[in-house]
Amino acid sequence: MKAINIKDKHAMFSKQWHPHRIATVDDMQVILAKIKGEFVWHSHENEDELFQVVKGTLYMQFREASDEAGSEGGIRTEVVKEGEIIVVPKGVEHNPSTKNDEEVHLLLFEKLNTAHTGNVKHERTQTEYPKI
């Protein structure tokens, strides 16, 4: 039971798109990540995710479903600024990204069994999160 300095923990790693676990709360994990550019479209069937922007601006893309009239869905982007959070509900396809070559620092809350990229296998998929 000690205070955790998020900025100090972010300074401990440089690899982007590689989450690091800083704490566990019941069956939830608290993760730090650095991201730059575009990730990969994915969803988590049974888990919600909470993203807090510690530094920079996150662009969270969502696929819009087709409507009843048959109009094809598009992509909606939610801008999440420093100090803000966004919750991605289970089953919602999303793709986090940054713009203008900016590195964004994130804090995430998710269940321990949440797969990094859901059912999608990608070169950026991580299966283990180092504890720092």
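This report covers a three-stranded sheet, the ring contacts and the surroundings of L112 in a predicted model.

## The open sheet

Three strands make up an open sheet, arranged in the order 5-4-7 with antiparallel pairing. Strand 5 (75–81) and strand 7 are the edge strands, each pairing on one side only. From one strand to the next, the twist averages 20°.

Strand 4 and strand 5 run antiparallel and are joined by seven bridges. In this part of the sheet, F62 stands opposite R76 of strand 5. Strand 4 (residues 57–63) also pairs with strand 7 in the antiparallel sense, over four bridges. Y59 has S97 of strand 7 as its bridge partner.

## Burial of strand 7

Strand 7 spans residues 94–97, and both of its faces are covered. On one side H94 and P96 are buried, and on the other side N95 and S97 are buried. Strand 7 is thus described in two ways: it is an edge strand of the sheet, and its two faces are covered.

## The aromatic pair

The structure holds one aromatic pair. The ring centres of W17 and F39 are 4.6 Å apart and the ring planes are at 10°; the pair is therefore stacked, since planes under 30 degrees apart count as such. W17 belongs to the loop between helix 1 (6–10) and strand 1 (20–25), and F39 to the loop between strand 2 (28–35) and strand 3 (49–55), so the pair ties together parts that are 22 residues apart in sequence.

W17 has a relative accessible area of 6% and is buried. F39 counts as buried because its relative accessibility is 9%, and the limit is under 20%.

## Charges over rings

Two lysines have their charged ends over aromatic rings. The charged end of K99 sits over the ring of Y59, 4.4 Å from the ring centre. Y59 is also the residue whose bridge partner in strand 7 is S97. For K34, the charged end sits over the ring of F13, at 5.1 Å from the ring centre.

## L112 and its surroundings

L112 is located in the segment after strand 8 (104–111). Its relative accessibility is 38%, so L112 counts as partly exposed, a class that lies between 20% and 50%.

Leaving aside residues up to four places away in sequence, L112 touches R21, T24, D26, D27, M28 and Q29. Between L112 and I35 the C-alpha to C-alpha distance is 20 Å, with the two residues 77 apart in sequence.

Conventions: Residues are numbered from 1 along each chain as its sequence is written. This is a predicted model: local features need pLDDT of at least 70, side-chain atom pairs count only at pLDDT 80 or more; totals for chains, interfaces and linings use all residues. Side-chain values use heavy atoms; hydrogens and water are left out. Buried means under 20% relative accessible area, exposed over 50%, partly exposed in between (1.4 Å probe, protein chains only). Contact means heavy atoms within 4.5 Å. Two strands pair if DSSP finds at least two bridges between them. Rings of Phe, Tyr and Trp (its six-membered ring) pair if their centres lie within 6.5 Å; planes under 30 degrees apart count as stacked, over 60 as edge-to-face and the rest as tilted. A charge sits over a ring if NZ of Lys or CZ of Arg is within 6 Å of the ring centre and within 35 degrees of the ring normal. Axes are lines fitted to C-alpha atoms, for helices over the stretch in contact, and angles run from 0 to 180 degrees between N-to-C directions.
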